[in-house]
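Colleague: I'm new to reading protein structures. Could you walk me through one, feature by feature?

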Number of protein chains: 2
Amino acid sequence: MRETPQKMFDTRLFFANGTVKIQHTRGQSAGKAYMKNMNPQRLQVEYPNSNGNLSPDWIVGFIDGEGCFHIGISKNEGVRFGYQILPELTVVQHKRDIKLLYQIRTVMKCGVVRKNHGDRYCWRVRNLENLLKIIIPFFEKHPLKSQKNIEFRKFAKAVRIMENGGHLMQEGFQKILKIASEMNRQNPRDIRIKIESTP
Amino acid sequence: MRETPQKMFDTRLFFANGTVKIQHTRGQSAGKAYMKNMNPQRLQVEYPNSNGNLSPDWIVGFIDGEGCFHIGISKNEGVRFGYQILPELTVVQHKRDIKLLYQIRTVMKCGVVRKNHGDRYCWRVRNLENLLKIIIPFFEKHPLKSQKNIEFRKFAKAVRIMENGGHLMQEGFQKILKIASEMNRQNPRDIRIKIESTP
């Protein structure tokens, strides 16, 4: 499981001395942390604030600027053809905007917020079902305005090949490698090497 | 004049063989280029397409991601206190998205699209009147969702000091330097030196 399901994710935004504090806990300790820091009655008041009013158009504009649709291909002897295909949507922000990443996660109802590198955090969607049922339909309904839309369409094509296990068949696997090699941020040389070394 | 007025700016987006082509001319040659490449009747059909349907929310999301509110302070012996204050909003994009920059310019009805560096272009608003009458009211009506909103509010404060020439008075000038020094992307050391060297 690469993505924490919604219900297990415990991020608390609470107000103390007039400032917003973020507490992020996972697993069994989450409930305790919640009880310690939050008054349950206040949750209903505070979550609407933290959810923000991010409209679909704002999300599209922000993803046009900051989003990255990526098809990772990593060596993994445990999977068919020796390479794992990892499609993901990520948005990286400085930690000062971690609250905004949580807001996006809340509005989009999927993904996780994780430390990226240094003082940067990312919102990331990797779960195939979430990509297929939430992310792809969303950006088909609300198209990106930048050339990133071309990347998105390639990305969607590859993810849909994976929907019914197409990536586990030689033809589907090669199709996805080809799509990945055509995407802007992918290093074509890496892909070429990987194609050559597949059985 | 640091910004080309709307009427002198001639950017033509026209369709040829199913693809959009951009032609960008200025000054007197603009009319000729227009007559050569465009059928005037087609303008009404094509401009709505080229304007795109960039909603205020999309603009806000995109600026949250890619916009930069900046107060430049540059040495200029010809102005009062020896330093010129240059507030600007910029959005830099790879040249593949130059069309999007023109769309933003069309929707926002101000600014210019210029080569930035390498294969990058920017949409830039420097004209004080446009900042005061278009940009600042727009982002006050449609607030940025990221921490960039804090930058914007500082920026707006500085620009409004300039509105009635406040930057030409010692007090206003110092206030703007202070605001600029508090803005994220400004190098505080530069500002400090500049404050020290003002009369």
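Colleague: How many helices and strands does chain A have?

Modeller: Keep in mind that this is a predicted model. Chain A has eight helices and six strands. Going along the sequence, their order is β-β-α-α-α-β-β-α-β-β-α-α-α-α.

Colleague: And what share of chain A is buried?

Modeller: For this, you look at how much of each residue's accessible area is left, with under 20% counting as buried. In chain A, 48% of the 199 residues are buried. You can also look at contacts: of those in chain A with a separation of 6 or more, 61% are between residues 24 or more positions apart.

Colleague: Why is helix α4 of chain A largely enclosed?

Modeller: Count its buried residues. Helix α4 of chain A covers residues 98-108, and eight of its 11 residues are buried, so the rest of the structure largely encloses it. Among the buried ones are Ile98(A), Leu100(A), Leu101(A) and Met108(A). Polar and charged names turn up there too, with Gln103(A) and Arg105(A) also buried. Right after α4(A) comes Lys109(A), with a positive phi of about 60 degrees.

Colleague: Now the strands. Which way do β5 and β6 of chain A run, parallel or antiparallel?

Modeller: To read a strand pair, look for the bridges between its two members. In chain A, β5 (residues 112-115) and β6 (residues 120-125) are antiparallel, paired over four bridges. One example is Lys115(A), whose bridge partner in β6(A) is Tyr121(A). The two strands make a hairpin with four residues between them, and Gly118(A) there takes a positive phi near 60 degrees.

Colleague: What does chain B have between its β5 and β6?

Modeller: A hairpin turn, with four residues between the strands. Gly118(B) sits in that turn and has a positive phi of about 60 degrees. Here, too, β5(B) and β6(B) run antiparallel and are joined by four bridges. Arg114(B) faces Cys122(B) in β6(B).

Colleague: How do I size up the place where the two chains touch?

Modeller: People often quote the accessible area lost when the parts come together. Between chain A and chain B, about 1,600 Å² is buried, and carbon and sulfur atoms give 55% of that. On chain A's side, helix α3 (residues 56-66) gives the most, with eight residues. The residues on that side are five nonpolar, seven polar and six charged. Counting contacts, 18 residues of chain A meet 18 residues of chain B.

Colleague: How many salt bridges cross that interface?

Modeller: Zero, by the rule used here. There are, however, eight residue pairs in polar contact between the chains, counting pairs with both residues at pLDDT 80 or more.

Colleague: So where can I find salt bridges?

Modeller: The count over all chains is 12. Take Arg160(A) and Glu140(A), whose side chains meet at 2.8 Å, N to O. That pair links helix α6 and helix α5 of chain A, 20 residues apart. Arg160(A) is partly exposed, at 36% relative accessibility, and Glu140(A) is partly exposed at 42%.

Colleague: What about one in chain B?

Modeller: Try Arg126(B) with Glu88(B), where the closest N and O atoms are 2.6 Å apart. Arg126(B) is in the loop between β6 and α5, while Glu88(B) is in strand β4, 38 residues apart. Glu88(B) counts as buried because its relative accessibility is 13%, whereas Arg126(B), at 21%, is partly exposed.

Colleague: And how far apart in sequence are Lys178(B) and Glu182(B)?

Modeller: Four residues, about one turn of helix α7 of chain B, where both lie. They form a salt bridge as well, with the closest N and O atoms 2.8 Å apart.

Definitions and conventions. Residues are numbered from 1 along each chain as its sequence is written. Chains are lettered from A and ligands numbered from 1 in the order in which they are written. This is a predicted model: local features need pLDDT of at least 70, side-chain atom pairs count only at pLDDT 80 or more; totals for chains, interfaces and linings use all residues. Side-chain values use heavy atoms; hydrogens and water are left out. Buried means under 20% relative accessible area, exposed over 50%, partly exposed in between (1.4 Å probe, protein chains only). Contact means heavy atoms within 4.5 Å. Buried area is the accessible area (1.4 Å probe) that two parts lose on being put together, summed over both. A salt bridge is a side-chain nitrogen of Lys or Arg within 4 Å of a carboxyl oxygen of Asp or Glu. A polar contact is a pair of N or O atoms within 3.5 Å; within protein, one must be able to donate a hydrogen and the other to accept it, and residues adjacent in sequence count only if both atoms are side-chain atoms. Two strands pair if DSSP finds at least two bridges between them.
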